Amino acid sequence: MTDILSDRDLDLIFREARSYNRWQDKPVSDVTLQALYDLMRWGPTSANCSPARFVFLTSEAAKERVKPFLMEANVPKVMGAPVVAVVAHDDKFYDRIPELFPHNPGAREWFSEDEALAQETAFRNGTLQGAYLIIAARALGLDCGPMSGFDNAGVDREFFPDGQFKSNFLCAIGYGSEELLFPRSPRLAFDEACTVL
Ligand SMILES: Cc1cc2nc3c(=O)[nH]c(=O)nc-3n(C[C@H](O)[C@H](O)[C@H](O)COP(=O)(O)O)c2cc1C
């Protein structure tokens with residue numbers, strides 16, 4: 001028993017995982033979505049603030065609501081997916097800090113009294129949580145298709161009319177089909193992206 005994932009696990013999560021454009025006709029159950037949230041929620045956020053909020057669109061009717069706001073090329077990627085997550089964050093995330101960061105409940109005021117810091121924190125940590133969602137989905141054998149090609153303000157009006165939640169990106173979730181999958185693009189080499197001081 002080692003404390004490292006197997007090569008096969010690392011392939012599944014990173015090296016062989018792709019961003020899918022088309023989807024197998026295979027459903028994703030609500031139980032699977034609950035297992036996905038249960039796993040991803042353990043990823044770290046600053047002051048454990050956990051600002052991400054997710055709306056899982058699972059029905060045709062729900063996906064129709066997002067369709068008018070999509071970039072044309074993203075329409076089939078969304079409408080053909082069993083599930084599309086709207087990855088959003090709660091602008092008032094700090095109201096939950098006394099419960100989420102119990103050893104320092106006063107941390108709520110770091111954010112409630114500084115609007116710019118609150119927005120930056122919500123976006124940074126909400127984005128990280130969106131990435132945790134992708135990695136957790138892959139770890140559970142699901143595939144993802146993240147998308148930022150849509151009108152965020154329109155999606156916010158449609159799904160979050162009281163203005164408290166803000167959409168960040170969409171993430172199709174399901175079992176990917178190889179159809180329209182481009183050859184894997186390269187990534188930057190260590191020396192191009194990293195400096196060791
Ligand atoms: C935040 C984010 C937004 C993206 N937006 C779109 C999009 O709007 N439409 C699209 O077709 N692909 C979108 N992509 C997919 C990327 O192009 C893809 O992840 C990247 O080229 C790597 O592909 P690979 O995972 O198959 O190697 C997005 C990816 C991310 C992470």
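Here is a short chat about a predicted model, covering its sheet, two helices and the ligand shell.

Student: Start with the sheet. What order do the strands take?
Tutor: The order is 2-3-5-4. These 4 strands form an open sheet, and the pairing is antiparallel.

Student: Which are the edge strands?
Tutor: Strand 2 and strand 4. Each pairs on one side only. From one strand to the next, the twist averages 30°.

Student: How many bridges join strand 3 and strand 5?
Tutor: 8, in the antiparallel sense. In strand 5, Lys-166 stands opposite His-89.

Student: Which strands does helix 7 touch?
Tutor: Helix 7 packs on the sheet and touches strand 2, strand 3, strand 4 and strand 5. Its direction makes about 10° with that of strand 5.

Student: And helix 8, how does that run?
Tutor: Helix 8, residues 152-159, runs at about 90° to strand 5. It lies across strand 2, strand 3 and strand 5.

Student: Back to helix 7. What's its reach?
Tutor: Helix 7 spans residues 115-139 and reaches 36 Å from first C-alpha to last. That is close to the 36 Å expected for its 25 residues.

Student: Which of its residues are buried?
Tutor: Among them are Thr-121, Asn-125, Gln-129, Leu-133 and Ile-134. The buried residues of helix 7 pack against elements including helix 2 and helix 6.

Student: What follows helix 7?
Tutor: Gly-141, with a positive phi near 85°.

Student: New topic. What surrounds the ligand?
Tutor: The surrounding residues include Arg-18, Lys-77, Phe-169 and Arg-184. Pro-146, Met-147, Ser-148 and Gly-149 are also among them.

Student: How does that shell split by class?
Tutor: The shell has 4 nonpolar, 5 polar and 3 charged residues.

Key
Residues are numbered from 1 along each chain as its sequence is written. This is a predicted model: local features need pLDDT of at least 70, side-chain atom pairs count only at pLDDT 80 or more; totals for chains, interfaces and linings use all residues. Helices (H or I, at least four residues) and strands (E, at least two) are DSSP runs, numbered from the N terminus. The expected span of a helix is 1.5 Å times one less than its number of residues. A residue is buried if 20 or more other C-beta atoms lie within 10 Å of its own, exposed if 12 or fewer, and partly exposed in between; C-beta atoms are placed from the backbone. Two residues are in contact if their C-beta atoms, placed from the backbone, lie within 7 Å. A residue is near a molecule or strand if its C-beta atom, placed from the backbone, lies within 6 Å of it. Ala, Val, Leu, Ile, Met, Phe, Trp, Tyr, Cys and Pro count as nonpolar, Asp, Glu, Lys and Arg as charged, and the others, Gly among them, as polar. Two strands pair if DSSP finds at least two bridges between them. Axes are lines fitted to C-alpha atoms, for helices over the stretch in contact, and angles run from 0 to 180 degrees between N-to-C directions.
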